[in-house]
Amino acid sequence: MTTLAEETDETGEAGEHAAAWSDEDDWTRETQRLVRDLRTPHRRKRTSQIAYTVYCVALLLAVWGGLPSLGLFLEKSMGADYSGHGPAILAALPAGSCALGLGWLLIASWDAQWRGPVVPPRETVDWMLAQPVNVAKVLRPWFWGSAAIACGAGLLIAAIGMIALGLTVGVGLPAAFGWCLLGGIGLPLLAIALATAVEGSERVARWARLATPYVAMAVLALVAQTVLAVSGHRLPGLERVELWSGPWGWAGLAALAPTPAALPGGWAAGVLLAVVVAGALVAAHRFTGSLALSAVRRRSRTATGVMAALRTVEFRTARQAVAGVTGGGRSVRWRLPAPRRPELAVPWRDTLALMRTPGRLGRAVVLGALAVLGAVLAASAHGGTGVTSALAALVFGYWSLTQLMEPARVETDDTRRGSWAPYPYRDLMLRHTAVPVVLGLLVALAAAGVLASEGAGARAWLAPALVPPLVGASLVNACRGATKHHLLMSSAQSPTGSMGPVLFLGWYGAGALAAVVTLVVPFLTALHSGSAASIVTAAVASVMVTVIMVRWAVMRIGNLTAPLAD
């Protein structure tokens, strides 16, 4: 009898297990019973782990969500008024719901490119699916398990929407929960159906990869529109187009239906969403039974490798494993004339590497725009909001410049890569900062020019002043060396528990943490004051942090090459 594994090796197509079946060939029930008997001890342990996880999640939701919400409703019953926040929530709901829906679909399609909603464990894939079993009966429970998890997340979102509308707008809780539930449950289930199509069809996966940057830009634009709407700059015509543009907007129309800001067609949008989700689930259920076993095996092994890397806190290894399956972004074969001067070899290679991965350049620009937006908000906000916005601006700026430091990170993955260079490894690593600094300054100067023309004054020139220290912080983190797992096992204690995870995160992001914490105060002071003295102080702080980061990076580079010197 030819097994399904043999059929997979012979054909490798999606229809590899679609051969004619007879009752004598189907050993699915017997195989499942054998696996269930063999794995009884493991299943009991796994069940207890899942039960404990569910208990912890429920406890956290009750402590951090349920009890505070109950307290707010009690305060409202005693006369507290939260209606002042109602207009802002209603203004944010159209674009915000579209951003949330599109973002959910985007994340689900990205996840399906390397993992997916139908991913049995390795033992099921490597052994059970190699037997004469009905593949659909084995895979469909995993599909519906992913759907159930998505429903749980959707229920939480619907509950949050119910609480927000009930407190601030005065909508009845049953009505608010019911209307929010349409989108809260519908969009996650639609995302699971989309992810199943991406997992099972290479054509759909290719289209998903091509559409990812454009959808991501749309999500960011919707987030920016949400911020503008909350600040009083709404675009009603554009909002209506977005709400009717697809299921991601229909959910927002349904959520608005019980509120004073309801738009015509709420019922129709809810019905359309329910019909589309039901049809997508039926199609995905049928499609699950014809998934290519080769794709399921590949995704299961990738997911196992990623989880192993995450358990050992090897974040870069996990990221590389995912990039190896998804392609790590679109690659373009640009050509750049070779330099005639040897000292330009490293910047030439770094520039060429970035040109051939335009996704990194795009992410750098988008994150830089978010950093500028955070700085603009910090200049006009005070108190906790101002500090949070300033921190966000610095963090986004760091992430933006980190995208340009990938050649340096690749160099530190294996120090032997630098053997081609005619100068010491320290000089090689420092030369890797030239392209990020130049590109970062060009983008920052462009942003500063725009802000200055809009009346920001001298404060606009803080943007280019922050590029060198953040590049230095990125170099420090790139040269962190081997992962220090022993920090996770540290015996240091705090009132909240072990300090091990805190120490590890402090070591892992030491450069960024030091730079952001040091710069946030002078940066925020200069944004609020705008005086020449405060701007000069921020510039001096930037220079000092740059010097410290460079010296720190040089020390770490020496530690990287010290074992080779021995």
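## Contacts along the chain

Among the contacts in the chain with a separation of 6 or more, 74% join residues 24 or more positions apart, where a contact means heavy atoms within 4.5 Å. This is a predicted model, in which local features need pLDDT of at least 70 and side-chain atom pairs count only at pLDDT 80 or more, while totals for chains, interfaces and linings use all residues. Residues are numbered from 1 along each chain as its sequence is written, and side-chain values use heavy atoms, with hydrogens and water left out.

## Overall form and surface

The chain has 24 helices and 2 strands; these are DSSP runs numbered from the N terminus, a helix being H or I over at least four residues and a strand being E over at least two. Taken along the principal axes, the box that the C-alpha atoms fill is roughly 80 × 70 × 50 Å. The radius of gyration of the chain is 27 Å, which agrees with the value near 24 Å for a compact globule of 566 residues; the radius is taken over C-alpha atoms, and the globule rule is 2.2 Å times the number of residues to the power 0.38.

Of the 566 residues, 40% are buried, a term that stands for under 20% relative accessible area, with exposed meaning over 50% and partly exposed lying in between (1.4 Å probe, protein chains only). The chain exposes about 29500 Å², and carbon and sulfur atoms supply 68% of that area, as computed by the Shrake-Rupley method with a 1.4 Å probe. There are 45 positive and 31 negative side chains, and the centres of the two sets lie 7 Å apart; Lys and Arg count as positive and Asp and Glu as negative, with His and the chain ends not counted, and the charge is placed at NZ of Lys, CZ of Arg, CG of Asp or CD of Glu.

## Two nonpolar cores

The largest nonpolar core has 53 residues, and L129 and L139 have the most contacts inside it; such a core is a set of buried Ala, Val, Leu, Ile, Met, Phe, Trp, Tyr and Cys residues joined through side-chain atoms within 4.5 Å. Among the helices that each supply at least two residues of this core are α4 (86-114), α6 (135-168), α7 (173-200) and α10 (247-256). The most comes from α7, which gives 11 residues to this core. Apart from it lies another core, of 46 residues, including A378, M429, L527 and V545.

## A covered helix

Helix α10 is mostly covered, since 9 of its 10 residues are buried, among them P247, W250 and L253. The buried residues of α10 pack against α4, α6, α7, α9 (236-243) and α11.

## Three single positions

R363 belongs to helix α15 (residues 358-380) and is partly exposed, with a relative accessible area of 39%. S400 is 37 residues from R363 along the chain, and their C-alpha atoms are separated by 6.9 Å. E202, in helix α8, is likewise partly exposed, with a relative accessible area of 48%.

G289 sits in the loop between α11 and α12 and is buried, with a relative accessible area of 15%. The C-alpha atoms of G289 and L462, which are 173 residues apart along the chain, are separated by 57 Å.
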